[in-house]
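Colleague: Got the model open? Let's go through it.

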Amino acid sequence: METIQIQTESKQYPVYVGEGIRAEINTFLTNHFPGLTKILIITDETVATFHLEKLLRVLKSWDPIVFTAPAGEKAKTFDVYYEAQSIALANHLDRKSVVLSFGGGAVGDLSGFVAATFMRGIPFIQIPTTILAHDSAVGGKVAINHPKGKNMIGAFYQPEAVFYDLELVKTLPIHEIRSGFAEVIKHALISDPDFYDWLKENIHNLNEITSKQLSDSLVRGIKIKNKFVSQDEKETGVRAYLNLGHTLGHAIEAEMGYGKFTHGEAVMIGMIFALKLSNHLSGLSFNLGEFIDWVKQLGYETVVPKQLSFEKLIERMKQDKKSVGNVIRFVLLEQVGNPILKEVAEEKIWQELNNF
């Protein structure tokens, strides 16, 4: 087991990483929540099928309430959020109750927003079941989607702890492994050239990644996430650098329809575009062809889906949370490990999309 302490302005909390780590949740609840009244587990249909019974066995002495959301981004609608709040009210949760988020990034976002807003905030714990959630479960960003934009309705609300049980990621399909590993690559690009080189040298087939390689990659990614979150909890400065690839990536997700293109695979296309912009606009000298060959080998799409309108993508990017006054801002790299935030003219974006 590895323990990483996340330090933000509002809270310090542990991230526990290891196989079978869910067995420690019962002890944590007993020690950290004297007078605990009720537990609400928020999960989704897929995770419930594969893993819910494993968690219920750990928590059998608490008789938890379970709310099961639709799988994927369909969990992050106002209707599902309202239903989860209704379940909490119907079961008389109070300020001594705890929400357990049991699932991937979408479930974590939904659960955290439910916890942040129920009775103006009750504690919650992240129990991620995907590789992608090594990123989303840490740092306290919680939200639901709006048809006009991803994660536009939400809050900054830190969990009490994260229990990252690596046994639970073994059932993931390959597209979910790719989705999560894109964020690992992102962490390396924005912070750690040596980690990036290690990934390129050692990871060539995501179907064959070893348990140790995965564990080491996720722990390094979480530590990088912590570096930025500890300096800037509410994304007024350097935390924005964690959005490398997300400006175009979120636009692709929204235009494709949430759930029809995984988050990480969309972000990978966005990262390639941001690296291309970086070579042209911020002085980066980066072998983009070599990078594209590598991620293609890992199974990623590397171009914008042909059916998408550039005009609509640009309109989506104007609604990005980094944009100010309809001016689109991208996270770019001056060099690997040295990100910057830069305004990019709409004409330049059009030009680069046409050449992409």
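Colleague: Which helix gives the most to the lining of the second largest pocket?
Modeller: Helix H8, residues 211-231, with three residues. A helix is a DSSP run (H or I) of at least four residues, numbered from the N terminus. A pocket is an open set of points on a 1 Å grid where a 1.4 Å probe fits, with protein on both sides within 12 Å along at least five of seven lines; lining residues have an atom within 4 Å of a point.

Colleague: Where do these numbers come from?
Modeller: This is a predicted model, where local features need pLDDT of at least 70, side-chain atom pairs need 80 or more, and totals for chains, interfaces and linings use all residues. Residues count from 1 along each chain, and side-chain values use heavy atoms, without hydrogens or water.

Colleague: Is H9 mostly covered or uncovered?
Modeller: Mostly covered: 10 of the 11 residues in H9 (246-256) are buried, meaning under 20% relative accessible area with a 1.4 Å probe. Among them are His246, Leu248, Ile252 and Met256. Just after H9, glycine 257 has a positive phi of about 100°.

Colleague: How many aromatic pairs are there?
Modeller: The structure has 18, counting ring centres within 6.5 Å. In one of them, tyrosine 196 and tryptophan 294 sit edge-to-face, 6.1 Å centre to centre with 80° between the planes; edge-to-face means over 60 degrees. Tyrosine 196 is in helix H7 and tryptophan 294 in helix H11, 98 residues apart.

Colleague: Are those two buried or exposed?
Modeller: Both are buried: tyrosine 196 has a relative accessible area of 5%, and tryptophan 294 has 6%. Tryptophan 294 also pairs edge-to-face with phenylalanine 291, at 6.0 Å and 70°.

Methods: Helices (H or I, at least four residues) and strands (E, at least two) are DSSP runs, numbered from the N terminus. Buried means under 20% relative accessible area, exposed over 50%, partly exposed in between (1.4 Å probe, protein chains only). Rings of Phe, Tyr and Trp (its six-membered ring) pair if their centres lie within 6.5 Å; planes under 30 degrees apart count as stacked, over 60 as edge-to-face and the rest as tilted.
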